[in-house]
Amino acid sequence: MNMIPVQSSNVSSIGYENGLIYVRFHSGAVYQYRASEELFRQFLAAPSKGRFVHQYLTPLPYDRIR
C-alpha cells in the first residue's frame with residue numbers, strides 16, 4: 001500500500017487499502033481505521049487532516065499498529 005504524504009502539523013501520511021484508512025502521525029504512530037474509500041477521498045480533500053481525524057475517524061473502530 002502506498003502512503004500519501006500530506007501537509008499537516010499532526011499527520012505525516014495517509015493511505016487506503018481493503019476497507020482500512022491508514023494514518024501515520026509525525027510522532028511515528030500508525031493507526032488503521034475501518035472506513036469506506038469515499039471517506040478516504042474526503043480525508044484527502046480535507047483542509048485540516050488533524051481535525052478530520054478527530055471529527056470523523058476516531059469515532060470509528062480502529063487499531064494502533066505501530
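1. In this predicted model, helix H2 lies across strands E2, E3 and E4 (30–34), and the helix runs at about 135° to E3.

2. The strands beneath belong to an open sheet of five, which follow one another in the order E1-E2-E3-E4-E5 with antiparallel pairing. The edges of this sheet are formed by E1 and by strand E5 (62–64), each of which pairs on one side only. At the E1 edge, two bridges join E1 to the antiparallel strand E2, and Pro5 has Ser13 in E2 as its bridge partner.

3. Helix H1 also packs on the sheet, where it touches E1, E2 and E3, and its direction makes about 155° with that of E2. Which residues of H1 (residues 37–45) are buried? They include Leu39, Phe40 and Phe43, and because these residues cover an arc of only 105° around the axis, they sit on the same side of H1. As background, an α-helix has 3.6 residues a turn, so residues three or four places apart point the same way. The buried residues of H1 pack against E1 (4–5), E2 (11–17) and E3 (20–25), and also against helix H2 (49–57).

4. A further point concerns the aromatic rings, of which the structure holds seven pairs. In the pair made by Phe25 and Tyr31, the ring centres are 5.8 Å apart and the planes stand at 85°; since planes over 60 degrees apart count as edge-to-face, the pair is therefore described in that way. Phe25 and Tyr31 are both buried, and ring pairs link these two residues with Tyr33 and Tyr62 into a cluster.

Methods: Residues are numbered from 1 along each chain as its sequence is written. This is a predicted model: local features need pLDDT of at least 70, side-chain atom pairs count only at pLDDT 80 or more; totals for chains, interfaces and linings use all residues. Side-chain values use heavy atoms; hydrogens and water are left out. Buried means under 20% relative accessible area, exposed over 50%, partly exposed in between (1.4 Å probe, protein chains only). Helices (H or I, at least four residues) and strands (E, at least two) are DSSP runs, numbered from the N terminus. The arc is that of the directions from the helix axis to the C-beta atoms. Contact means heavy atoms within 4.5 Å. Rings of Phe, Tyr and Trp (its six-membered ring) pair if their centres lie within 6.5 Å; planes under 30 degrees apart count as stacked, over 60 as edge-to-face and the rest as tilted. Two strands pair if DSSP finds at least two bridges between them. Axes are lines fitted to C-alpha atoms, for helices over the stretch in contact, and angles run from 0 to 180 degrees between N-to-C directions.
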